[in-house]
Amino acid sequence: MSKYFVKILLLTFFIAETVNIIAQTANKAICSDIRFAANSDMAYPEPQKPLTPAPDGYAPFYITHYGRHGSSYYDPAEVCEVPCRMLASADKAGVLTALGQDVLQRLMRVAADAKDRYGELTPIGSRQQRDIARRMVERFPEVFAEGTDVVARSTPTMRCILSMEYFMMQLAVMRPKIPIHHNVTNRDISHIDQQDRHLDDIRKAAVADERLVSFMHSQENPDRLMRSLFRDMDYVRQHVNAAELDDALFKVAASVQNTPLCDSLTLSDIYTDDEAYRHWKKDNARWYVSYGNSPVSGGVMPYTQRNLLRRIVHDADSCLFLNHPSLSLRFGYETCVLPLACLLDVNGFGLATGDLASLERHAWSASRISPMGANLQLVFYRRYAHDPDVLFKVLLNEEEATLPLPVIQGAYYRWSDFRKYCLNKLDAYVE
């Protein structure tokens, strides 16, 4: 056997083992902490890794940011109220087990806490925004020097507006002399929350596509849960849509982590790790088809953020030649953060695959891209004012991320390379 052939075998084995390790990531994460199965309903995880030092002579001078609102109450109200009604009807019929009755009581506590608050920012969400702002100042103090220009914009939804306000409040506490310009206006909607009827129609058709529907059905397995909640399975067959109730209960269980009840109540205990894992795979596939670079949706859904990306490039070009530091902040939704990350192919999230079962092998996870409070930050560095050789790095949820571009050093890329990459990608899209 030739040395070349041995090397090929070893390389093939290494790749296979690497893929196998990645494939286990989501399952292991869920077994370690079931909250990971919540996908976009996951509460914001604080960054754990230290940042890579800047190249010699370079210092940060500009940050452009897009952030999802912080943790909020689940919206719409039916997500919590429907399973409450279903279990309450079963309780009146006398067919609930002791666990089923207990789950009903817990659901009623969740519904009471969320009453008239559906979709609103929770105290956990406000703390997330303050913490993100605090870490930004602590990590990049040069950007927050006296004379820094801060411009913040939000979509006209209360949870987004409040997320911006809590972020601004933290900046004001830490840097009271920095002027902050923030506003909420429909004039910004075209880029901060772009609406595209054509792509929205494609998304709706893709969600109903047999390939996604079939995959999601393959992950449904509500029998054990139904038997744990109901004493009479004939009642379940006649009066309960088991898969619908299973989905509704899991959504409530996932959302509790974002509310003040998170320390005193859980519904995650009614699920096994394998069941939570199946729910993660099912919902993760839906997010991928809806907003990722999925062939099921024509590989075009990331372009819902084309106006946002053009604005990011435009604003950066405008700030590069200023003599003082500056900061651009935008606050919106997961339906912007996730496709933007896919459009830029951050951490390989621009993945295109027709095999929905392979998403976990490629580490494509909505939990990692767009949890509550998700944010994408581009941090720019230069050696002196008007430096033509500007570097930058990208942070996804405050962790250094990769791009499909030549690396200059560590986590740093050249802005001119990225600018060209973005404009070529945008110009390739025909509306």
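**Cysteines, cores and pockets**

Let's start with cysteine 422, which counts as buried because its relative accessibility is 1%, under the 20% cut-off. Keep in mind as you look around that this is a predicted model.

So what about bonds between cysteines? A disulfide is a covalent bond between the sulfur atoms of two cysteines. How many disulfides does this structure hold? The count is zero. Cysteine 422 helps to show why: the closest cysteine sulfur to its own belongs to cysteine 342 and sits 14 Å away, too far for a bond. To count as a disulfide, the two sulfurs would have to be within 2.5 Å. Now try cysteine 336. Its sulfur has cysteine 160 as the closest cysteine partner, but at 8.6 Å that is too far for a bond as well. Cysteine 336 is buried too, with a relative accessibility of 1%.

Next, the inside of the protein. In soluble globular proteins, nonpolar side chains tend to be buried together. Here, the largest nonpolar core has 59 residues. Which of them touch the most other members? They are Leu344, Val346, Trp364, Phe380, Leu403, Trp415 and Phe418. Helix 15, running over residues 334–344, gives this core its largest share, eight residues. Zoom in on tryptophan 364 and, leaving out residues up to four places away in sequence, you'll find contacts that include Trp280, Trp287, Tyr288, Leu338, Cys342 and Phe349. Asn284 and Gly292 are also among the residues that tryptophan 364 touches. Apart from that core lies another one, with 49 residues, including Ala37, Ala242, Leu245 and Leu265.

Now for the pockets. The largest has a volume of about 780 Å³. It is lined by 36 residues, and those closest to its centre are Asp41, Tyr74, Lys251, Arg286 and Trp287. You've met Trp287 already, as a contact of tryptophan 364. Which helix supplies the largest share of this lining? That's helix 13, with eight residues. Helix 8 (197–207), helix 12 (242–255), helix 13 (273–291) and helix 15 each provide at least two. Sorted by class, the lining of the largest pocket has 16 nonpolar, eight polar and twelve charged residues.

The second largest pocket holds about 670 Å³ of space. Of its 21 lining residues, Pro45, Lys49, Arg368, Leu396 and Glu399 are the closest to the centre. Helix 2 (25–32), helix 16 (366–369) and strand 7 (399–400) each put at least two residues into this lining. The class split for the second largest pocket is nine nonpolar, five polar and seven charged.

Technical notes:
Residues are numbered from 1 along each chain as its sequence is written. This is a predicted model: local features need pLDDT of at least 70, side-chain atom pairs count only at pLDDT 80 or more; totals for chains, interfaces and linings use all residues. Side-chain values use heavy atoms; hydrogens and water are left out. Buried means under 20% relative accessible area, exposed over 50%, partly exposed in between (1.4 Å probe, protein chains only). A nonpolar core is a set of buried Ala, Val, Leu, Ile, Met, Phe, Trp, Tyr and Cys residues joined through side-chain atoms within 4.5 Å. Helices (H or I, at least four residues) and strands (E, at least two) are DSSP runs, numbered from the N terminus. Contact means heavy atoms within 4.5 Å. On a 1 Å grid over the protein atoms alone, a cavity is a set of points where a 1.4 Å probe fits but cannot get out, and a pocket is an open set with protein on both sides within 12 Å along at least five of seven lines; lining residues have an atom within 4 Å of a point. Grid points are joined across faces, edges and corners, and a volume is the space filled by probe spheres set on the points. Ala, Val, Leu, Ile, Met, Phe, Trp, Tyr, Cys and Pro count as nonpolar, Asp, Glu, Lys and Arg as charged, and the others, Gly among them, as polar.
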